[in-house]
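Biologist: Could you take me through the salt bridges in this model, please? I would like to know which parts they tie together and whether their residues are buried or exposed.

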Amino acid sequence: MLIRNFIQSDSFTENLQRELLDLNFHEKSNDLYKFNQSDDLKKRKEPHITGLRAALFGLFRSWLGEVLGIELEPIVDVSCAKYQYTDVLLCHDDELEGRRVAFILYLVPPWESSDGGTLDLFSTDDHFQPHSVVKSLVPSWNTLILFEVSPISFHQVETLLLEWVNPLYLDVDYQSQVQQEFEDSSEIQLKNFLKEEKFKEVSEALRLTDVQWTKQGPPNRRCYEVASLESFPQCVSACWELLCSEAFFLLLSNFTGLRLHYLSPSDEDEKDQEDEEEGEATGSSGDTPSANKNNKGVLLVCVCTLPKKQPSTPVCVGELRRWAHGDYTLLHDGDASKAEYALDLLLPLSCPDWQTEFGGFTSYIANEEDEELLMVYPEENSLALVYRDKETLKFVKHINHRSSTLPIGDSCRRAVYDFSFVYYE
């Protein structure tokens with residue numbers, strides 16, 4: 001978020017800059033950065049620094065919390081960084097325990113992109129490593145820039161999900177509708193979930209490339225094949241990484257209301273934040289790459305933090321499965337999770353015109369009962385989500401269908417593929 005003319009009074013802004021430039025600065029230099037930084041501004045008595053600090057700790061923090069829908073700590077870290085000719089801050093993240101939002105107030109002379117000092121935002125690759133600059137923000141007088149601090153910054157989440165997921169499911173209002181429907185029934189099927197071109201690419205790669213498959217047994221528990229992760233084609237591997245990613249955990253949290261990632265909100269969090277009376281502050285840092293201009297450029301850098309908490313690590317287990325005529329799983333297959341609750345995900349591929357009488361559907365029943373609670377049928381590019389407790393059992397119905405369009409050879413008779421994942425809170 002970028003807010004120009006953040007401080008309404010020109011005279012206040014100019015006096016604030018003067019007070020900041022009169023502070024004592026300490027050089028900070030290592031392999032990552034070189035710039036000068038002031039001491040913490042919390043205890044400074046200068047009138048304009050005091051006024052800004054009061055606004056940041058009060059009205060601005062309250063407004064920011066309302067915009068983000070979270071309750072921020074009452075303490076805000078504030079310091080001032082001064083970047084001059086040859087100073088630099090290289091590619092990094094601001095992730096520290098408890099830190100949630102960072103913001104920068106620029107107090108600089110007239111500036112051009114050729115002067116350096118831009119705030120560069122990076123895209124990331126499939127392994128969440130910085131890849132290339134997608135946006136550069138040029139410093140300008142009295143401009144405030146806000147950005148979220150997390151293991152997956154906003155641009156990282158957006159890059160990964162936008163590449164793969166149908167844009168409909170990235171719409172916040174539509175996610176709310178999905179969540180309401182899921183909470184009513186504990187299950188949902190999201191049709192056309194992946195972008196059409198991505199879904200076709202993965203489906204064709206599974207049919208046309210040499211993936212290594214291993215038969216699963218023993219026959220008194222299960223009979224189907226699982227792909228070796230090391231043999232995945234590139235696009236299949238990328239789809240697998242999507243389903244395992246922290247970005248996807250957050251998306252599932254929005255779909256279901258479940259707390260599948262520590263960044264997702266929960267009722268317990270809201271209660272904890274209401275009870276929290278004091279918070280601890282963390283250090284602050286700048287976010288401006290090389291400054292080339294031989295002028296005094298002043299950056300006021302502030303960080304809001306949430307109450308400290310121990311981050312949980314997202315957990316999931318998954319398989320890429322291949323099903324053929326005669327394949328199945330049985331009710332008591334011996335691999336039932338001991339977790340109290342779990343979220344099942346199924347994403348079928350290569351099952352056009354699948355009919356119910358073919359079998360191959362996933363059946364859910366209550367433990368020690370015969371009545372089926374739910375049946376999930378294979379449907380092309382339809383993401384199925386089912387929330388279950390440990391007393392709910394499942395099996396895949398015996399497949400009695402042999403494709404009439406393919407030869408009956410051992411490698412050519414396959415009818416269905418699917419990604420099968422289980423996510424845990």
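Modeller: Here is a walk through the salt bridges, one pair after another.

First, a little background. This is a predicted model, in which local features need pLDDT of at least 70 and side-chain atom pairs count only at pLDDT 80 or more, while totals for chains, interfaces and linings use all residues. Residues are numbered from 1 along each chain as its sequence is written, and side-chain values use heavy atoms, with hydrogens and water left out.

A salt bridge here is a side-chain nitrogen of Lys or Arg within 4 Å of a carboxyl oxygen of Asp or Glu. By this rule, the count is 11 salt bridges.

Let us begin with glutamate 163 and lysine 198, whose closest N and O atoms are 3.4 Å apart. Glutamate 163 sits in helix H3 (residues 154-164) and lysine 198 in helix H5 (residues 196-208), so this pair ties together parts that are 35 residues apart in sequence. Helices (H or I, at least four residues) and strands (E, at least two) are DSSP runs, numbered from the N terminus. To describe cover, we call a residue buried under 20% relative accessible area, exposed over 50%, and partly exposed in between (1.4 Å probe, protein chains only). Glutamate 163 is partly exposed at 34% relative accessibility, whereas lysine 198 is buried at 16%.

Next comes the salt bridge between aspartate 418 and arginine 321, with 2.9 Å between the closest N and O atoms. Here the partners lie in strands: aspartate 418 in S21 (residues 416-424) and arginine 321 in S14 (residues 315-323), so the pair ties together parts that are 97 residues apart in sequence. Aspartate 418 is buried, with a relative accessible area of 8%, and arginine 321 also counts as buried, at 8% relative accessibility.

Now look at aspartate 344 and lysine 394, which form a salt bridge with their closest N and O atoms 3.2 Å apart. Because aspartate 344 lies in strand S16 (residues 341-349) and lysine 394 in strand S20 (residues 392-396), the pair ties together parts that are 50 residues apart in sequence. Aspartate 344 is buried, at 3% relative accessibility, while lysine 394 is partly exposed, at 28%. There is a further partner to find here: Asp344, Arg388 and Lys394 are linked in a network of salt bridges.
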